[in-house]
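Please open the structure in your viewer and keep the sequence panel beside it. The stops below each begin with a selection and then say what is to be found there.

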Amino acid sequence: MDSSSTMLFNQLKTSKPFFLMAGPNVIESEEHVMRMANHIKAITSKLGLQLVFKSSFDKANRTSFKSFRGPGLVEGLKILEKVKVAYDIPIVTDVHESIQCEAVGRVADIIQIPAFLCRQTDLLVAAAETGKIVNIKKGQFCAPSMIHTCRSWQILLKRLDSLEMKMLWSVREELCLAIVADVTHSLQQPARRKLEGGGVASGGLRELIPCIARTAVAVGVDGIFMEVHDDPLRAPVDGPTQWPLHHLEELLEELIAIAGVSKGKQSFKIDLTPFRD
């Protein structure tokens with residue numbers, strides 16, 4: 001891992017009360033992404049939260065081949081680099097093939113592995129070889145123990161789609177990881193919405209996002225992953241699981257308050273030895 005990645009990882013791991021990964025699900029246009037980054041950065045700066053901006057250059061894991069996918073690797077990375085420079089914020093974005101990792105690593109500070117690809121060995125190795133932080137979305141089909149195969153990296157950000165609270169204790173203490181709770185994709189539902197172009201879009205339970213986020217913060221996760229959109233009803237991808245931008249500040253204020261009451265990450269350090277059989 002390069003020195004800049006080590007520094008960022010340490011910043012994220014020690015962020016209080018938590019850090020935020022947020023942005024629109026996919027790059028819809030340069031203008032839209034820049035505007036979203038501007039608004040989200042303003043909110044997190046006001047609240048004192050560390051921000052990692054997220055948006056995808058290609059949504060390859062789609063229900064329908066007619067679904068919107070984004071501008072692609074080359075154009076998408078150009079846009080993300082402009083966001084990074086203009087607003088001085090780290091970037092996280094997805095990769096889907098090993099051949100993409102080198103180019104993405106030149107722009108992104110964190111390389112994200114989609115849940116469906118979390119067991120693609122060559123992809124994981126290629127991502128790690130960039131020296132960047134790797135955020136692995138643990139697939140619902142994988143046991144929590146799968147993360148132990150990555151022990152030697154010691155730079156891993158792990159996302160919990162299903163918030164498996166029972167294993168947070170051992171994983172976070174045993175390995176050099178930062179635990180990131182996905183409070184939006186975890187509420188995705190099978191495709192339910194037909195689009196004008198003939199494709200379909202996933203459904204979701206947006207109204208439960210605050211509930212999942214409150215739970216995650218209360219148990220002391222290191223970071224919250226939340227896809228945010230200024231007009232979710234018109235979003236071409238995953239609109240039902242993107243949180244409205246105009247409600248972002250009030251939700252984050254509530255989460256910060258909860259973290260303060262629960263002592264956030266310190267909840268992992270409670271000694272339960274006297275209560276064990």
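Begin by selecting helix 2 and helix 8, and look along the place where they meet: helix 2 passes helix 8 in a right-handed crossing. In this predicted model, helix 2 covers residues 30-47 and helix 8 covers residues 248-262, and the two pack at an angle of about 30° with their axes 10 Å apart. Because angles under 35 degrees count as roughly parallel, helix 2 is described as roughly parallel to helix 8. To see the contact itself, show the side chains of Ile-40, Ile-43, Thr-44, Lys-46 and Leu-47 on helix 2, and then those of Leu-248, Glu-249, Leu-252, Glu-253 and Ile-256 on helix 8. Coloured by class, the contact of helix 2 with helix 8 shows 6 nonpolar, 1 polar and 3 charged residues.

Keep helix 8 on display and add helix 7, residues 209-219, whose axis comes within 9 Å of that of helix 8 and crosses it at roughly 30°. Helix 7 and helix 8 are therefore roughly parallel to each other, and here too the crossing of helix 7 past helix 8 is right-handed. The residues to select on the helix 7 side are Ile-209, Pro-210, Ala-213, Arg-214, Val-217 and Ala-218, while helix 8 contributes Leu-251, Glu-254, Leu-255, Ile-258, Ala-259 and Ser-262. By class, the contact of helix 7 with helix 8 has 9 nonpolar, 1 polar and 2 charged residues.

Before leaving this pair, pick Val-219, which also has its place in helix 7. Is Val-219 buried, exposed or partly exposed? With a relative accessibility of 27%, Val-219 counts as partly exposed. A distance drawn from the C-alpha atom of Val-219 to that of Ala-259 should read 8.5 Å, although 40 residues separate the two in sequence.

Now return to helix 2 and select helix 3, residues 73-87, together with it; these two helices pack at an angle of about 30°, and their axes are 10 Å apart. That angle makes helix 2 roughly parallel to helix 3, and helix 2 passes helix 3 in a right-handed crossing. On helix 2 the contact is made by Glu-30, Val-33, Met-34, Ala-37, Asn-38 and Lys-41, and on helix 3 by Ile-79, Lys-82, Val-83, Ala-86 and Tyr-87. The residues of this contact of helix 2 with helix 3 divide into 7 nonpolar, 1 polar and 3 charged.

Follow the chain onward to Asp-88, which is found in the loop between helix 3 and strand 3. Its backbone merits a check, since phi of Asp-88 is near 50°, a positive value in a residue other than glycine. With a relative accessible area of 67%, Asp-88 is exposed.

The next selection is strand 3, residues 91-94, and within it Thr-93. Thr-93 is buried, its relative accessible area being 0%. Which residues is Thr-93 in contact with, once its neighbours within four places in sequence are left aside? They are Ser-55, Ser-56, Phe-57, Leu-80, Val-104, Ala-108, Ile-110, Ile-111 and Gln-112.

Step to Asp-94, which lies in strand 3 as well. Asp-94 is buried, with a relative accessible area of 6%, so the cut-off of under 20% is met. Not counting residues up to four places away in sequence, Asp-94 touches Lys-54, Ser-56, Phe-57, Lys-59, Gln-112 and Pro-114. A further distance to draw runs between the C-alpha atoms of Asp-94 and Ile-110, which are separated by 8.8 Å and lie 16 residues apart along the chain.

For a last local stop, go to Pro-17, in the loop between helix 1 (3-13) and strand 1 (19-23). The peptide bond that joins Lys-16 and Pro-17 is cis, with omega at about 0°.

Finally, zoom out and show the whole protein, whose secondary structure comes to 8 helices and 11 strands. Of its 277 residues, 55% count as buried. Among the contacts in the protein with a separation of 6 or more, 65% are accounted for by residues 24 or more positions apart. If you turn on the accessible surface, its area comes to about 12,600 Å², of which 53% belongs to carbon and sulfur atoms.

Conventions:
Residues are numbered from 1 along each chain as its sequence is written. This is a predicted model: local features need pLDDT of at least 70, side-chain atom pairs count only at pLDDT 80 or more; totals for chains, interfaces and linings use all residues. Side-chain values use heavy atoms; hydrogens and water are left out. Helices (H or I, at least four residues) and strands (E, at least two) are DSSP runs, numbered from the N terminus. Buried means under 20% relative accessible area, exposed over 50%, partly exposed in between (1.4 Å probe, protein chains only). Contact means heavy atoms within 4.5 Å. Accessible areas come from the Shrake-Rupley method with a 1.4 Å probe; for residues, only the protein chains shown count as cover. Axes are lines fitted to C-alpha atoms, for helices over the stretch in contact, and angles run from 0 to 180 degrees between N-to-C directions. Angles under 35 degrees count as roughly parallel, over 145 as roughly antiparallel, 65 to 115 as roughly perpendicular and the rest as oblique. A crossing is left-handed if the near helix is turned anticlockwise from the far one by less than a right angle, and right-handed if clockwise. Ala, Val, Leu, Ile, Met, Phe, Trp, Tyr, Cys and Pro count as nonpolar, Asp, Glu, Lys and Arg as charged, and the others, Gly among them, as polar.
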